Amino acid sequence: MSLAKLVQTEARLFARDTTSVVVGLTLPMIILLGLGAVPILREPSADMDGIRFIDYFAPSLIVMSVGTIGLTNLPTVMAGYRERGILRRMRATPVHPAKLLAAQLIVNLVAALVASLLVVASGRIVYGIPLPESPLWFALAFVLGITAVFALGMLVAAVAPTARAASGIATVLFMSAMFFGGVYLPRFMLPDAVARIGDYVPPGVQTLLDSWNGETPAALPLLVMAVVAVAAGATSARIFKWE
Amino acid sequence: MAIIEVKDLVKHYGSQRAADGISFTVDEGEIFGILGPNGAGKTTTVECIEGLRTRDSGSVSVMGLDPERDAKELKQVLGIQLQESRLPDRLRVGEALDLYRSFYRNPADPERLIESLGLGGKRKTPFGKLSGGQQQRLSIALALVGNPRVAVLDELTTGLDPQARRDTWDLIEQVRDSGVTIILVTHFMDEAERLCDRLAVIDSGKIVAVDTPSGLTARVSAEQRVRFRPSAEFADALLLDLPEVSAVERNGAQVVVSGGGNLLQAVASVLARNHIVAADLRVEQVSLDDAFVALTGKSIEN
């Protein structure tokens with residue numbers, strides 16, 4: 001009962017925040033639609049194993065969707081709730097603030113899922129980008145990747161004393177994830193070593209790309225995502241302060 | 001009947017003793033004030049009662065519940081208003097009450113709370129757009145939405161304008177009249193004097209005195225002063241002969257008579273017998289401020 005109410009409330013607050021809606025939910029889709037409007041990016045290219053740039057770039061936009069929400073929105077909001085005494089205020093009620101945290105996780109997970117679906121669906125509808133060809137592998141890669149990113153986001157929320165500090169730390173993580181995820185520079189333009197590191201940086205753009213193209217993703221990056229998720233999640237749960 | 005019992009409560013922060021052997025009881029249905037300067041240990045004491053802090057030693061019982069052991073059960077019957085706690089800026093008044101209502105087994109009617117707190121026109125106003133006084137009233141509403149038996153209100157009129165303070169005081173009295181026991185943490189003398197049935201004066205983590213507001217002032221001094229401008233000359237001896245009068249001073253045209261017992265009546269009847277009219281007659285009594293200074297050796301403002 002109280003969790004449902006909390007989810008409803010947090011979802012409303014998310015929807016009222018124009019930045020989180022526009023940037024978090026729709027910017028990756030808008031970028032994809034914008035890039036696809038450039039004819040040459042819709043031509044198959046030898047640089048990208050003979051596929052089109054927009055096909056190659058779509059997984060990076062999934063990285064962006066998950067990263068914006070999990071690494072930027074989630075930790076900033078949670079640290080702000082601590083800073084403003086909202087978590088402490090809940091400790092004064094019969095419902096533990098862990099439920100508010102759970103509600104935040106649910107709302108942000110749904111938001112990241114929606115943002116990713118918008119990328120996949122708009123790409124499919126507008127530019128004929130095929131749907132992920134190994135849906136089960138893609139689902140596994142997505143779930144492990146998003147969990148690792150959200151666990152890192154929670155870790156930031158746990159250590160940051162203020163919303164401003166959370167936003168600062170989160171920006172560094174977010175930009176790293178974007179860089180290694182090939183959002184800033186397409187990965188075929190990155191030095192090989194950097195691109196290989198990128199395979200292991202959450203949420204793991206290569207596993208998304210492989211499973212999207214119908215290949216079986218490598219096991220080690222998936223395992224790394226699982227380890228990051230468990231380690232960061234457990235650490236943040238242990239050190240998280242309610243006030 | 002005692003609804004809250006605090007015995008030998010001790011809480012340290014490092015080497016600092018925020019609560020140093022605090023003991024008192026609160027009776028059901030009373031407004032019990034905790035008065036003291038900033039940093040005296042007031043908030044620490046009530047946070048141990050609320051179960052928001054773990055005590056180092058001593059015992060606390062609220063309606064027979066231990067705030068640490070029975071935390072969840074206690075919070076069903078305890079309404080808490082915290083100092084300096086905010087809500088998300090975009091959360092609306094009605095939504096906040098609706099949300100907090102869902103945390104309790106037997107919540108109050110949020111509509112009635114909104115009305116009685118004068119927030120009727122603000123249901124759809126987001127928290128960030130409320131004035132300081134409205135935010136404070138919402139915070140009181142949230143403390144009451146669980147239909148508590150005991151409400152703990154910490155510095156509830158800080159930052160309010162005089163009218164809002166008086167309105168809040170009226171509200172607190174209504175809440176008490178509905179059967180809720182109230183602990184009021186304050187550093188305002190007028191608030192304590194106006195609202196509290198009994199007061200605990202805390203200084204440096206210790207209880208200095210527990211008494212009614214008038215009991216506290218009586219402890220310090222029973223002396224009263226009567227000031228007036230007489231319509232005709234008279235000799236000081238006329239008043240000094242009265243057993244109630246201890247001293248007579250003259251301050252220009254003004255006469256200041258000090259003494260005890262039924263001073264005013266004694267002075268007034270002697271003047272009347274001698275056909276002297278007392279103009280600008282005023283009676284001065286020891287205030288709670290004076291009592292506080294006498295009890296703690298310092299002014300509450302510091």
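**Exercise 1. The surfaces and extents of the two chains**

What is the accessible surface of chain B, and what percentage of it belongs to carbon and sulfur atoms? Set the result for this predicted model beside the corresponding values for chain A.

*Solution.* Begin with chain B, whose accessible surface comes to about 13600 Å², with 46% of that area belonging to carbon and sulfur atoms. Next take chain A, for which the accessible surface is about 10300 Å² and the carbon and sulfur share is 72%. The burial figures complete this step: 53% of the 243 residues of chain A count as buried, while in chain B buried residues make up 50% of 302. Finally, the extents along the principal axes are about 60 × 35 × 30 Å for the C-alpha trace of chain A and roughly 75 × 45 × 35 Å for the C-alpha atoms of chain B.

**Exercise 2. Fold content and contact range**

Describe the secondary structure of each chain, and then decide whether the radius of gyration of chain A agrees with that of a compact globule.

*Solution.* Counting elements first, chain A has 10 helices and zero strands, so that its pattern, read along the sequence, is α-α-α-α-α-α-α-α-α-α. Chain B, by contrast, contains 11 helices and 13 strands. For the second step, a compact globule of 243 residues would have a radius of gyration near 18 Å, and because chain A has 18 Å, the value agrees with that expectation. As a third step, consider how far apart in sequence the contacting residues are: in chain A, 76% of the contacts between residues at least 6 apart join residues at least 24 apart, and the corresponding share in chain B is 67%.

**Exercise 3. Charges and domains**

How far apart are the mean positions of the positive and negative charges of chain A? Give the corresponding separation for chain B, and then describe how chain B is divided into domains.

*Solution.* In chain A, the mean positions of the 17 positive and 13 negative charges are 19 Å apart. In chain B, which carries 35 positive and 44 negative side chains, the centres of the two sets lie 6 Å apart. Turning to the domains, chain B is divided into domain 1, covering residues 2-218, and domain 2, covering residues 222-283. The centres of these two domains of chain B, taken over C-alpha atoms, are separated by 44 Å.

**Exercise 4. Two residues of chain A that touch chain B**

Place A:Leu13 and A:Glu243 in the structure, classify each by its accessibility, and list the residues that each touches beyond four places away in sequence.

*Solution.* A:Leu13 is found in helix α1 of chain A, residues 2-16. Its relative accessibility is 9%, and because buried means under 20%, A:Leu13 counts as buried. Beyond its sequence neighbours, A:Leu13 touches A:Tyr81 in chain A, together with B:Pro88, B:Arg90 and B:Leu91 in chain B.

A:Glu243 lies in the segment after α10 (219-239) of chain A. With 37% relative accessibility, A:Glu243 counts as partly exposed. The residues that A:Glu243 touches are A:Arg82, A:Arg88, A:Arg91 and, in chain B, B:Arg53. A further distance places this segment relative to an earlier part of the chain: A:Glu243 and A:Arg84 are 159 residues apart in sequence but 9.1 Å apart in space, C-alpha to C-alpha.

**Exercise 5. A covered helix and some backbone features**

How many of the nine residues of helix α1 of chain B are buried? Go on to locate the cis peptide bond in chain A and the positive phi values of B:Asn147 and B:Asp280.

*Solution.* Helix α1 of chain B, residues 42-50, is mostly covered, with eight of its nine residues buried; among them are B:Val46, B:Cys48 and B:Ile49. Just after this helix, B:Gly51 takes a positive phi of about 80°.

The remaining features are read against a general background: most residues other than glycine have a negative phi, and most peptide bonds are trans. The bond from A:Pro202 to A:Pro203 is cis, with omega near 5°, and A:Pro203 lies in the loop between α8 (192-200) and α9 (205-212) of chain A. In chain B, B:Asn147 has a phi near 60°, sits in the loop between α5 (132-144) and β6 (150-154), and is partly exposed at 47% relative accessibility. B:Asp280, with a phi near 50°, belongs instead to strand β13, residues 278-285, of chain B, and its relative accessible area of 52% makes B:Asp280 exposed, because that class begins over 50%.

Terms used: Residues are numbered from 1 along each chain as its sequence is written. Chains are lettered from A and ligands numbered from 1 in the order in which they are written. This is a predicted model: local features need pLDDT of at least 70, side-chain atom pairs count only at pLDDT 80 or more; totals for chains, interfaces and linings use all residues. Side-chain values use heavy atoms; hydrogens and water are left out. Helices (H or I, at least four residues) and strands (E, at least two) are DSSP runs, numbered from the N terminus. The radius of gyration is taken over C-alpha atoms; the globule rule is 2.2 Å times the number of residues to the power 0.38. Buried means under 20% relative accessible area, exposed over 50%, partly exposed in between (1.4 Å probe, protein chains only). Contact means heavy atoms within 4.5 Å. Accessible areas come from the Shrake-Rupley method with a 1.4 Å probe; for residues, only the protein chains shown count as cover. Lys and Arg count as positive and Asp and Glu as negative; His and the chain ends are not counted. The place of a charge is taken as NZ of Lys, CZ of Arg, CG of Asp or CD of Glu. Domain bounds come from an automatic or database domain assignment.
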